[in-house]
Amino acid sequence: MRSLPPSHPFDDDKLREECGVFGVSGVGDAANFVALGLHALQHRGQEAGGIVSYHPDHGFNSARRFGYVRDNFTKQSLMDTLPGTLAIGHVRYSTSGAKGNTQIRDVQPFFGEFSMGGAAIAHNGNIVNADALRRELIERGSIFQSNSDSECIIHLMARSLQRKVPERMQDALRRVEGAFSIVAMTRTKLIGVRDPLGVRPLVLGRLGDGYVLSSETCALDICGAEFLREVEPGEMVVIENGELASHRPFAPQRPRFCIFEHVYFSRPDSMLGGRSVYETRRQIGVELAREAPAEADLVCPVPDSGTPAAIGFSQESGIPYAMGIVRNQYMGRTFIEPTEQIRNMGVRLKLNVNRALIRDKRVVLVDDSVVRGTTSVKIREMLLDAGAAEVHFRVASPPTAWPCFYGVDTPEREKLLAASMSEDEMCAHLGVDSLRFISLDGMYRAVGEAGGRNADAPQYCDACFSGDYPVTPSDRIEKGFRMKTAAE
């Protein structure tokens, strides 16, 4: 068993969705609605955000800023620079390799001026052949302005011989491998596209006489838009002058939507595939209680992501639900430049144990996932320090043993606890009285697949749990990543 590299003490030990996208067409002050939508999608990216708008008298205008939407795109002086009835936006959370080194030029949406006019593009997902495409494009004279794989799409569009932007985008995306949900715009069109597998989400809504595209339905709610439907895997929708046209530019494939969107990434008040995210997470807790019961006095979530599953576990098991851990809601991403003493406090700056409730109790602790395990160890220590008699850890997802290459910030495989330890070894490492993860079949049942996972043709992308990658991560393999073998 390999020892695990130490992580930063303020690392909250979660996988992070890297992007959220939002677009509005046919509505006055469209950028203001985009800002509202991005605020609702802030959980999908907290590092930076950007908005591009178009007005016939002022042309394309853009604003890109580091930090939260609320700290930038609520200022009237800034929003006045983004006029028009057509706008798109993007919130970003950078990948592991680029974290801390992001330049403002990496912040989307990206803009390109083509012979037939300008176009802007915002991308959620990850291109797994971006290195090869970038090398090819640079050799042919393209000059890149950012480190983002998404910029490849703009350069591929520029080299296309098609006359119209949607056709150029189709040309470009046929060269791209990986996951993409895209919101783009020209002077007159709002465009939404999902990759043929539909790995990342994209939904369509109606706002007055206009249309909205969004990563999640919760962002439609905040601006008063009516949910119409999901953009389907492999579909391109083009909205112009209040009319919507649907195109199918890719060969049809069996969809593989990211199952971790159900488990963690999406907000619990969103809908995915016609299912309430909250209800799915509650049902995961129900399945977990059936698969891995525990003798205990209280069921406590790790807030906030473990809460729905803990409620389901409590309801199914009959063990009372309790807020044994309280989150400091005002803990920002940066706090203070910490001294060593404060740095060692780690998780205590974000979470605190309800001592009067926990003392002398046998506690079932429910969390959505275990990645590195660093936070789990600290929370167990906090519970025992508060006088808990026993700590039984239940996890609302299978062991995360493989990195995601489709738009999720994931540590290298050797930093994932489940990549080098069995469940019993993880239990000993975390120092808990028992540890159980929901099974892959249990998770599939919770998302509505009554027969569980189809091993021959999985219904979802679950590569972070199974190592079964629906799109070969060619760039990573070139850098030495080893795919799962038949023996594994």
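Modeller: Angles under 35 degrees count as roughly parallel, over 145 as roughly antiparallel, 65 to 115 as roughly perpendicular, and the rest as oblique. Keep in mind that this is a predicted model.

Biologist: Why are α4 and α5 called oblique to each other?

Modeller: Helix α4 (residues 130-139) and helix α5 (residues 151-159) pack at about 45 degrees, their axes 10 Å apart. That angle falls outside the named ranges, so the pair is oblique.

Biologist: Which residues make the contact?

Modeller: Ala130, Leu133, Arg134 and Leu137 come from α4, and Cys152, His155, Leu156 and Arg159 from α5. By class, five are nonpolar, one is polar and two are charged.

Biologist: What makes Arg445 and Glu287 a salt bridge?

Modeller: Their closest N and O atoms are 3.1 Å apart. The cut-off is within 4 Å, so the pair qualifies. Arg445 sits in helix α16 and Glu287 in helix α9, 158 residues apart.

Biologist: Is Glu287 buried or exposed?

Modeller: Buried means under 20% relative accessible area. Glu287 has 6%, so Glu287 is buried. Arg445, at 31%, is partly exposed. Both belong to a salt-bridge network with Arg290, Glu291 and Glu316.

Biologist: How do you know that Asp468 and Arg453 meet in a salt bridge?

Modeller: Their N to O distance is 3.5 Å, and the limit is 4 Å. The pair ties together parts that are 15 residues apart in sequence.

Biologist: Why does Arg453 count as buried, and Asp468 as partly exposed?

Modeller: The line for buried is under 20%. Arg453 has 17% relative accessibility, so Arg453 counts as buried. Asp468 has 27%, so Asp468 counts as partly exposed.

Definitions and conventions:
Residues are numbered from 1 along each chain as its sequence is written. This is a predicted model: local features need pLDDT of at least 70, side-chain atom pairs count only at pLDDT 80 or more; totals for chains, interfaces and linings use all residues. Side-chain values use heavy atoms; hydrogens and water are left out. Axes are lines fitted to C-alpha atoms, for helices over the stretch in contact, and angles run from 0 to 180 degrees between N-to-C directions. Helices (H or I, at least four residues) and strands (E, at least two) are DSSP runs, numbered from the N terminus. Contact means heavy atoms within 4.5 Å. Ala, Val, Leu, Ile, Met, Phe, Trp, Tyr, Cys and Pro count as nonpolar, Asp, Glu, Lys and Arg as charged, and the others, Gly among them, as polar. A salt bridge is a side-chain nitrogen of Lys or Arg within 4 Å of a carboxyl oxygen of Asp or Glu. Buried means under 20% relative accessible area, exposed over 50%, partly exposed in between (1.4 Å probe, protein chains only).
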